[in-house]
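Trainee: I am new to this structure and should be grateful for a close look at a single part. Please choose a pocket, and explain each term as it arises.

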Amino acid sequence: MTDDASGRPIAFVFAGTTFQEDGSAVLLTRDLLRKSVNIGLARAGFAYPLYYNTLFATLREEVSNAIAYAKKKRLGYWPTDKTTIGVTVRTSPDLPTIPPIWPKLWRRLEEFFQRNTSLSQALSTFLNAVTNESMSCLSWRRGGSTISSRCGVIPCV
């Protein structure tokens, strides 16, 4: 399955061999989810949560537990993640140099710079115009010809 808007695959991934045919329908239970590569990456701190409203609450809870574990143990990206405390981005070339942030926010920043040759349009206005996700900008400040922002992201759960 892919996300029609972006073409990125949406899947739960399992390593090894299986008796099931590739692409076959599978009932994903909590026990099966715990064996997925997805949960392994989340527990190791190398996955950010993004939940679609079609994912069962029990499975969202399982992923959230894995993320909470990684955060508590300060694994993977979490010791350096700046999603909720903010980063300063002045130009598009700054993006590859910033500390880790929620990938969807990073993509929105990239899209902002692609569409805006000047910083005259505020990032908050841009986000409100192009998204319907729950993205909450905590504070904004302008510095000369740059926009520095601290944006907290609240994934839809």
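Mentor: Helices (H or I, at least four residues) and strands (E, at least two) are DSSP runs, numbered from the N terminus. The model is predicted, so local features need pLDDT of at least 70 and side-chain atom pairs count only at pLDDT 80 or more, while totals for chains, interfaces and linings use all residues. Residues are numbered from 1 along each chain as its sequence is written, and side-chain values use heavy atoms, with hydrogens and water left out.

The chain holds five helices and two strands. Following the sequence, one meets them in the order α-α-α-α-α-β-β. Of the 157 residues in the chain, 32% are buried (buried means under 20% relative accessible area, exposed over 50%, partly exposed in between, with a 1.4 Å probe and protein chains only).

We may now turn to the pocket. The largest pocket contains about 1800 Å³ of space. The centre of this pocket has Ile10, Ala11, Phe12, Val13 and Asn38 as its closest residues, out of 47 that line the largest pocket. A pocket is an open set of points on a 1 Å grid over the protein atoms alone, where a 1.4 Å probe fits, with protein on both sides within 12 Å along at least five of seven lines; lining residues have an atom within 4 Å of a point. Grid points are joined across faces, edges and corners, and the volume is the space filled by probe spheres set on them.

Four helices each give at least two residues to the lining of the largest pocket: α1 (30–33), α2 (37–44), α3 (57–73) and α4 (103–115). Helix α2 makes the greatest contribution to that lining, with five residues. By kind, the lining of the largest pocket consists of 32 nonpolar, nine polar and six charged residues (Ala, Val, Leu, Ile, Met, Phe, Trp, Tyr, Cys and Pro are nonpolar; Asp, Glu, Lys and Arg are charged; the others, Gly among them, are polar).

Some of the helices named above are also joined by charged side chains. Side chains of opposite charge can pair when their charged atoms come close. The count of salt bridges comes to six, a salt bridge being a side-chain nitrogen of Lys or Arg within 4 Å of a carboxyl oxygen of Asp or Glu. In one of these, Arg30 is paired with Glu61, and their closest N and O atoms lie 2.4 Å apart. Because Arg30 belongs to helix α1 and Glu61 to helix α3, this pair ties together parts that are 31 residues apart in sequence. Both partners are partly exposed, Glu61 with a relative accessible area of 42% and Arg30 at 26%.

Arg30 also meets Glu62 in a salt bridge, with 3.1 Å from N to O. Here too the pair ties helix α1 to helix α3, since Arg30 lies in α1 and Glu62 in α3, across 32 residues of sequence. Glu62 is buried, with a relative accessible area of 11%. These residues belong to a network of salt bridges that links Arg30, Asp31, Arg34, Glu61 and Glu62.

Helix α3 also contains Ser64, which is partly exposed at 30% relative accessibility. Between Ser64 and Arg43 there are 9.5 Å from C-alpha to C-alpha, although the two are 21 residues apart along the chain.

In the loop between α3 and α4 stands Arg74. Most residues other than glycine have a negative phi. Arg74, however, has a positive phi of about 55° and is not a glycine. Arg74 is exposed, with a relative accessible area of 53%.

Helix α4 contains a salt bridge of its own, in which the side chains of Arg108 and Glu111 meet at 3.4 Å, N to O. Glu111 and Arg108 are three residues apart in helix α4, and therefore about one helical turn separates them. Each is buried: Glu111 at 17% relative accessibility and Arg108 at 15%. Gln114 also lies in helix α4, but Gln114 is exposed, with a relative accessible area of 62%. The C-alpha atoms of Gln114 and Ser92 are 7.8 Å apart in space, while 22 residues separate the two in sequence.
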